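Here are my notes after going through this one, written as numbered points. Have the structure open while you read.

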Amino acid sequence: MGIFFPFLLTFILKTAQGSSTVAIITASSIVLPLLPALGLDSERGKLLSVLSMGAGSMMISHANDAYFWVISRFSGLEMKTMLKTYSVATILMGSVTLLIVYILSLLLL
């Protein structure tokens with residue numbers, strides 16, 4: 001269950017400020033000292049934590065994300081259409097990835 005905290009923290013940071021890279025770096029600096037409390041202080045636990053943060057960084061790409069605008073401009077889609085399609089697709093990507101990481105945690109820990 002400890003893999004959900006890194007996911008949620010990265011997800012909140014990504015949604016608030018838009019950059020996946022900044023969200024992962026910030027979340028990793030917060031999560032590292034908490035790994036023993038989360039039960040993720042083994043090598044496999046650290047790996048699962050990183051994967052969980054990667055899943056959180058994929059969640060909800062919207063107007064404050066630069067990549068949202070790259071896709072919007074290159075595809076010629078309007079913002080309303082992008083919010084309906086791409087933002088929903090990123091939610092699905094992050095959710096499916098978290099599910100896979102959770103299954104891996106059951107097998108590895």
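How many aromatic pairs does a search of the whole structure find? The search finds 5. Keep in mind throughout that this is a predicted model.

1. Start with F68 and Y86, one of those aromatic pairs. Their ring centres are 6.4 Å apart and the planes make an angle of 55 degrees, so the pair goes down as tilted, given that edge-to-face needs over 60 degrees. In sequence the partners are 18 residues apart: F68 belongs to helix α5 (residues 66–75) and Y86 to helix α6 (residues 79–108), and the pair links these distant parts of the chain.

2. Are those two rings buried or exposed? F68 is buried, at a relative accessible area of 0%. Y86 has 17% relative accessibility and also counts as buried, because the label applies to anything under 20%. If you want to look at the wider surroundings, F68 and Y86 sit in one aromatic cluster together with Y67 and W69.

3. On to charges: the salt-bridge count is 2. One of them joins the side chains of K14 and D65, with 2.6 Å from N to O. K14 is in helix α1 (residues 4–17), while D65 is in the loop between α4 (43–57) and α5, so this bridge ties together parts that lie 51 residues apart in sequence. Both ends are out of the way of solvent by the accessibility numbers: K14 is buried with a relative accessible area of 2%, and D65 is buried with 10%.

4. The other salt bridge is between K46 and E43, where the N to O distance is 3.9 Å. That still makes the list because the cut-off is 4 Å. How far apart are K46 and E43 in helix α4? They are 3 residues apart, which means a separation of about one helical turn. As for accessibility, K46 is partly exposed, with a relative accessible area of 35%, whereas E43 is exposed, with 63%.

5. Now have a look at the surface. Which residues form the nonpolar patch there? They are L47, L51, V96, L99, I100, I103, L104 and L107, and together they have about 720 Å² of accessible area. The elements giving two or more residues to the patch are α4 and α6, and α6 gives the most, with 6 residues. One member to click on is L107, which is placed in helix α6 and is exposed, with a relative accessible area of 67%.

6. Helix α6 also holds S105. Unlike exposed L107, S105 counts as buried, at 9% relative accessibility. What does S105 touch, leaving out residues up to four places away in sequence? The contacts are I3 and L48.

7. Last, a backbone point. I60 has a positive phi of about 40 degrees, although I60 is not a glycine. Where is I60 found? I60 is in the loop between α4 and α5, the loop that also holds D65 from the K14 salt bridge. I60 is partly exposed, with a relative accessible area of 22%; the buried label does not apply because that needs a value under 20%.

Conventions. Residues are numbered from 1 along each chain as its sequence is written. This is a predicted model: local features need pLDDT of at least 70, side-chain atom pairs count only at pLDDT 80 or more; totals for chains, interfaces and linings use all residues. Side-chain values use heavy atoms; hydrogens and water are left out. Rings of Phe, Tyr and Trp (its six-membered ring) pair if their centres lie within 6.5 Å; planes under 30 degrees apart count as stacked, over 60 as edge-to-face and the rest as tilted. Helices (H or I, at least four residues) and strands (E, at least two) are DSSP runs, numbered from the N terminus. Buried means under 20% relative accessible area, exposed over 50%, partly exposed in between (1.4 Å probe, protein chains only). Patches are made of residues with over 30% relative accessible area and no salt bridge: like charges are joined within 9 Å, nonpolar side chains (Val, Leu, Ile, Met, Phe, Trp, Tyr) within 5 Å. Accessible areas come from the Shrake-Rupley method with a 1.4 Å probe; for residues, only the protein chains shown count as cover. Contact means heavy atoms within 4.5 Å.
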